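This report describes selected local features of a single protein model. Its topics are the packing of a helix, the loop that precedes that helix, and the cysteines.

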Amino acid sequence: MPERKLKQMVCIVCPLGCQMTLKGSGDDLIVSGNQCKKGEDYAIEEYRNPTRMLTTTMKIVHPRHKRLPVHSSAPIPKALLFKAMDVINSLSVKAPVKTGQILIPNILETGVDILASRDMEEK
């Protein structure tokens, strides 16, 4: 089977921003353009299972501010980002809240928690 070009991407692992090309098929993927092994690992993982950290805000009851900044405890699959946002936007938390407090455990059964990014006192 001939090798085919799958994807071009910019590596975000370090400040170099290597322009990489991913070629191959199945488990035989070849990365070119990277200057280090980390770039190769990033390109293959980004192709097979792209994930992202999720940072957003959440409704809060009795707060000093109208929204509470929140973030995921680990990257979640890119395909689930909008579903995760739907869950977050459908819920609210009651003040007070502490930084790092788990607000939504195991969102969408990913094993990833949604955490408070700052303390939030009551009015």
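## Helix 2 and its surroundings

In this predicted model, helix 2 has Leu-81, Ala-84 and Ile-88 as its buried residues. These residues lie on the same side of helix 2, because they cover an arc of only 60° around the axis. Their packing partners are strand 4 (51–52), strand 5 (55–61), strand 7, strand 9 (102–104) and strand 10 (114–116). On the face of helix 2 turned away from the buried side, the exposed residues are Phe-82, Lys-83, Asp-86 and Ser-90.

Leu-80 belongs to the loop between strand 7 (76–77) and helix 2 (81–90). With a relative accessible area of 23%, Leu-80 is partly exposed. Residues up to four places away in sequence aside, Leu-80 touches Leu-108 and Thr-110. Leu-108 is 28 residues from Leu-80 along the chain, and the C-alpha atoms of the two are separated by 8.1 Å.

## Cysteines

How many disulfides does the structure hold? The number is zero. For Cys-11, the nearest cysteine sulfur is that of Cys-14, 5.8 Å away. Cys-36 likewise is in no disulfide, and the nearest cysteine sulfur to Cys-36 is also that of Cys-14. Cys-11 is in no disulfide because a pair of sulfur atoms must be within 2.5 Å to count as one. The two residues are listed below with their relative accessible areas.

| Residue | Relative accessible area | Class |
|---|---|---|
| Cys-11 | 6% | buried |
| Cys-36 | 34% | partly exposed |

Conventions. Residues numbered from 1 in each chain as written. Predicted model: local features only at pLDDT ≥ 70, side-chain atom pairs only at ≥ 80, totals over all residues. Heavy atoms only, no water. Helix = DSSP H or I, 4+ residues; strand = E, 2+ residues; numbered from the N terminus. Buried < 20%, exposed > 50% of the residue type's maximum accessible area, 1.4 Å probe, protein only. Contact = heavy atoms within 4.5 Å. Arc of directions from axis to C-beta.
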